[in-house]
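Colleague: I would like a close look at a single part of this model. Please walk me through it and then place it in its surroundings.

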Amino acid sequence: MVIVTIQIRLRGNDGGGLWLGSLIAALSYGVASMAMVFINKAVLMEYTYSMTLLTLQQFGTTLLIHFGRVFGFIQAKDVNLRTAKKLLPISLFYNANVAFALASLKGVNIPMYIALKRLTPLAVLVAGFFSGKGRPATQVSLSVILTGIGVIVAAIGDFSIDLFGYSMALTSVFFQTMYLVLVEKSGAEDGLSSVELMFYNGILSLPFLLFLIIVTGEFPHSLYSLLDKANSLSFTVILILSMVMGIVLNFTMFWCTIVNSALTTTIVGVLKGVGSTTLGFVLLGGVEVHALNVTGLVINTSGGVWYSYAKYQQKKNKPRKVITDAESNHRY
């Protein structure tokens, strides 16, 4: 509830409020995304049914928003069939992204998982160019390419290669790219808030996910396993935390993409990955440290800092436009 209130207030008419809203959205997404990687990894180490885990997270998100609307804690428009049809591709890409990412986490250590996912900004840049957004500034392009080079260098130092896990992560990159670009487009054209996008995503996701857990054979084994582990307090706490963080991550990702851009969202993911990678060397199994990993992280971080500077200069040199209250309300 607090997050929703902040979102509404930060979408004011003053430039300072918009800048602060963009910053908070980016930081919120970074923190939530970093925490979610470790929480999901911890759950999957004890509970291997990744598709069922995703279904539980989506069910929890949809149920919370529904009751929030019923009791007046959350303001959101009623579900519209026409809007749902437009958002259906977003929902499909979202679930494909998360499903393949979770499948990758089961076999790939956290540092290498993050390194592979850092290829997303480059993919978003290419997708944006071919979707008609035009050619990005030279410094922006070079900084994202440098980030990608850092990923490759860090990946070369991995001596515990899981080819299946690698393929799952790269497939997730593709779906996340399509998902982020479509979310940005839908937020701009339909004027939906972050909470509304989450609600539509949950409603559209559940039938698809229920079908998948049955077809893949997870159900009913995943249910039996869940009931067996229900007596474990530590597992129950981690599972509940996973569902709560799933809601927070969904909200912050939609929010960050709408008030910033798809590329900014993925760059934030890259930067938070530096902290996640460092912790991943020692937490939840850990990995052996190699010089190439450290070198790749330094290159990657340099690319992220360069990108931030390039975007700041781009925004600074752009002429300001005074907009009326009506125009502002139409935009958001």
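Colleague: Which residue follows α6, and what is the sign of its phi?

Modeller: This is a predicted model. The residue after α6 is Gly134. Its phi is positive, near 90 degrees.

Now the helix itself. α6 covers residues 120-133, 14 residues in total. Its end C-alpha atoms are only 17 Å apart. A straight helix would reach 20 Å at 1.5 Å a residue, so α6 falls short of that span.

Next, burial. Thr120, Pro121, Val124, Leu125, Ala127 and Gly128 are buried in α6. An α-helix has 3.6 residues a turn, so residues three or four places apart point the same way.

Now the surroundings. The largest nonpolar core has 62 residues. Within this core, Leu87, Tyr113, Tyr179 and Leu197 touch the most other members. Helices that each supply at least two of its residues include α5 (110-117) and α7 (138-156). The largest share, 11 residues, comes from α11.

Take Tyr179 in more detail. Setting aside neighbours within four places in sequence, Tyr179 is in contact with Ile90, Phe93, Tyr94, Asn97, Met253 and Phe254.

Leu125 of α6 belongs elsewhere. A second, separate core of 5 residues includes Leu125, together with Val140, Val144 and Ala310.

Last, charge pairing. The whole structure has 1 salt bridge. Asp78 pairs with Arg69, and their closest N and O atoms are 2.9 Å apart. Asp78 is exposed, at 61% relative accessible area. Arg69 is partly exposed, at 22%.

Notes:
Residues numbered from 1 in each chain as written. Predicted model: local features only at pLDDT ≥ 70, side-chain atom pairs only at ≥ 80, totals over all residues. Heavy atoms only, no water. Salt bridge = Lys/Arg side-chain N within 4 Å of Asp/Glu carboxyl O. Buried < 20%, exposed > 50% of the residue type's maximum accessible area, 1.4 Å probe, protein only. Helix = DSSP H or I, 4+ residues; strand = E, 2+ residues; numbered from the N terminus. Core = buried A, V, L, I, M, F, W, Y, C linked by side-chain atoms within 4.5 Å. Contact = heavy atoms within 4.5 Å.
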